[in-house]
Structures are given as structure tokens and as C-alpha cells.
Amino acid sequence: MANFKDLTDALTDEVLSDMAESYFGARVDVDDALELFHEVSEKLHVKLYRVFKVCALLDKICLGPEGLDDFLVSCGLSRNRFYHPAGVECAEIMEKPSFAFTARGEYVKWFVIVYKMLLERVEDYMHGSIRDEGGGRKVRTVNRDDFFRMADEINVKIEKVNRNVTASDVLQFTKSLDPEAMRKEKIAGCVGPECKAIDNEMAFTVITIKDIEFPEFPDLPPYEEVKSYISGYCSQVWARDKVKVRALLKDLRKNVNKELI
């Protein structure tokens with residue numbers, strides 16, 4: 001009889017251990033994944049604002065939103081896909097253009113620098129870049145593509161945890177080991193609102209990402225594909241408004257990264 005009781009206790013302990021590992025282990029796994037997700041989210045926000053700041057700079061180079069609109073549409077892009085919040089500071093220019101004989105030529109060179117900055121930052125934000133961590137190990141940096149895939153993978157884990165072993169399942173099994181307590185608390189009857197409330201309270205919430213939080217930017221055409229258009233566009237702007245372009249050039253020279261001067 002004692003051996004049978006020992007066997008029953010051992011089986012009970014094993015079942016409890018398996019349930020605990022399944023329930024708590026899965027929840028810890030989701031908690032860890034969510035923590036990493038929030039860390040990635042913060043890093044991606046930094047990259048997003050780097051894109052915004054170059055968008056604001058390109059807006060300035062084009063002498064305002066209408067000019068930027070003309071340029072982007074002519075490149076086959078939509079202006080509203082390169083939205084940047086009002087008040088965002090322009091990115092600092094980290095490169096000085098080579099000498100130009102004319103103001104128009106200098107304007108083209110500044111424009112090319114800023115276009116390439118936007119090209120690089122959109123690529124880095126949307127798709128990431130390869131970073132060498134030494135020892136032959138290379139990793140792709142945080143990017144929007146992987147971020148959204150990560151959200152989908154975590155949501156699969158969340159739905160599985162919420163669906164499989166619930167808090168009420170564990171509670172009911174534990175209480176069932178004490179028949180007297182089970183009768184008193186009527187835990188066996190916990191199949192309606194009471195158990196649902198417990199499960200809802202303990203359930204993980206799936207990740208939802210609004211487009212406005214991490215907007216998608218279309219891939220910009222390579223510089224070589226828009227090189228001739230940039231030159232033509234700058235010539236048109238120069239011919240139309242020399243005074244504003246000269247003022248812009250003066251401001252760009254003054255505000256270029258001081259370490260380059």
C-alpha cells in the first residue's frame with residue numbers, strides 16, 4: 001500500500017513538474033522575447049528618426065515641400081511615403097562637396113550628398129546592414145523587415161501559450177489533488193466566467209504595430225539611375241530662384257559638420 005502511495009505521489013509530482021515547466025517555462029520564454037522586442041523597438045526608432053532628419057534636410061535642399069514633391073514624384077516616388085513630423089531637425093551633413101566652379105554646380109553637389117544620405121539611411125532602416133563583430137562573425141543590424149517578422153513570431157508564441165496550458169488548468173489540477181478542498185471551493189465548477197476571468201487576466205496580449213509608428217519607406221533608386229535627373233532638377237531650381245539657392249548654399253557651408261572645415 002505504501003509503495004502504491006509512493007508511486008502515486010511520484011506520478012503526481014512528475015505531472016505537476018511537467019505542468020509547471022510547460023506553463024511557467026513558456027511564459028518566461030515569451031517574457032524574454034517581449035523584452036528583446038522592446039529593445040529592438042527602441043533601436044529601430046533611433047534609425048527611423050535618422051531617416052526623418054534626412055527627409056527634413058532634403059526638404060530644405062529642395063527649397064520646401066513643393067520642391068521635394070516635384071523631385072520625388074519625378075523619381076517615380078510618392079511624397080507622402082517620405083513623411084516626416086513637423087519640427088524634426090535637419091540631419092547634420094558629414095561630407096563636404098568637392099570644389100565647384102559655379103554656384104549651380106555646387107548646388108548639384110550638395111544635392112547629391114543629401115540624396116545619398118537618404119538612400120543609405122532608408123536602406124539601413126528598412127533592411128539593415130551587415131556588421132562585422134570579429135572572429136568571422138557577421139550580423140545584420142536592426143531593421144524594419146526583421147522587426148515585423150519578429151512581431152509575427154512572438155505572436156505565434158503568445159497564441160500558443162494562451163491556448164495550451166492556461167492558469168485555470170494549472171489551478172484546477174492542483175486543487176484536484178485535495179478532494180476536500182475541491183468540494184469546498186467547487187473548483188470543478190470553474191468552467192465559466194470565473195475561470196475565463198483568471199485566464200484573461202493572465203493571458204499575454206498579442207503585439208500590434210501601427211503603420212504610423214514604424215512607417216514603410218520605398219527603396220530609393222540608386223544614385224546612378226537619378227544622376228542626370230538631379231542635375232536637370234537643380235538646374236531648373238537654380239534658373240527659377242537663384243537668390244534662394246545662393247542663400248541655401250551659404251547656410252549649408254555654415255552648418256556643415258565643423259570637424260570637416
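# Close-up views of a predicted helical model

**View 1. Val226 and its contacts.** Leaving out neighbours within four places in sequence, Val226 touches Cys75, Tyr115 and Pro221. This is a predicted model, so treat each view here as a look at a prediction. Val226 sits in helix H8, and with a relative accessibility of 5% it counts as buried. Put Val112 in the frame as well: its C-alpha atom is 9.7 Å from that of Val226, although 114 residues separate the two along the chain.

**View 2. The whole chain, for orientation.** Step back for a moment and you can pick out nine helices and two strands. Starting at the N terminus, the order reads α-α-α-β-β-α-α-α-α-α-α. Of the 261 residues in the protein chain, 38% are buried. Take the contacts with a separation of 6 or more, and 77% of them come from residues 24 or more positions apart. On the outside, the protein chain exposes about 16200 Å², with carbon and sulfur atoms supplying 54% of that area.

**View 3. The largest nonpolar core.** Here we're looking into a set of 61 residues. The members that touch the most others are Phe71, Phe82, Tyr107, Phe111, Leu118, Phe217 and Ile230. Helices H1, H2 (65-74), H3, H4 (144-163), H8 (223-240) and H9 are the elements that each give two or more residues to this core.

**View 4. Phe217 up close.** Which residues does Phe217 touch, once those up to four places away in sequence are set aside? The list runs to Leu48, Val51, Phe52, Arg81, Phe82, Tyr83, Val122, Tyr125 and Met126. Phe82 is worth a second glance, since Phe82 and Phe217 both appear among the core residues that touch the most other members.

**View 5. Lys47 and Asp124, helix to helix.** The Lys47 and Asp124 side chains pair up in a salt bridge, with 3.0 Å from N to O. Lys47 belongs to helix H1 (residues 2-61) and Asp124 to helix H3 (residues 103-127), so this pair ties together parts that lie 77 residues apart in sequence. Are the two ends buried or exposed? Lys47 is buried, at a relative accessible area of 13%, and Asp124 is buried too, at 13%.

**View 6. Asp124 again, now with Arg50.** Asp124 also makes a salt bridge with Arg50, and here the closest N and O atoms are 3.9 Å apart. Asp124 is in helix H3 and Arg50 in helix H1, so the pair ties together parts 74 residues apart in sequence. Arg50 is partly exposed, with a relative accessible area of 32%.

**View 7. Glu106 and Arg253.** Another salt bridge joins Glu106 to Arg253, the closest N and O atoms being 2.8 Å apart. It links distant parts of the chain: Glu106 is in helix H3 and Arg253 in helix H9 (residues 242-255), 147 residues apart. Glu106 is buried, with a relative accessible area of 15%, while Arg253 is partly exposed at 43%. Back in the earlier two views, salt bridges with shared partners join Lys47, Arg50 and Asp124 into one network. How many salt bridges are there in total? The count comes to seven, and the pairs shown in these close-ups are among them.

Terms used: Residues numbered from 1 in each chain as written. Predicted model: local features only at pLDDT ≥ 70, side-chain atom pairs only at ≥ 80, totals over all residues. Heavy atoms only, no water. Salt bridge = Lys/Arg side-chain N within 4 Å of Asp/Glu carboxyl O. Helix = DSSP H or I, 4+ residues; strand = E, 2+ residues; numbered from the N terminus. Buried < 20%, exposed > 50% of the residue type's maximum accessible area, 1.4 Å probe, protein only. Core = buried A, V, L, I, M, F, W, Y, C linked by side-chain atoms within 4.5 Å. Contact = heavy atoms within 4.5 Å. Areas by Shrake-Rupley, 256 points an atom, 1.4 Å probe, with all protein chains shown as cover.
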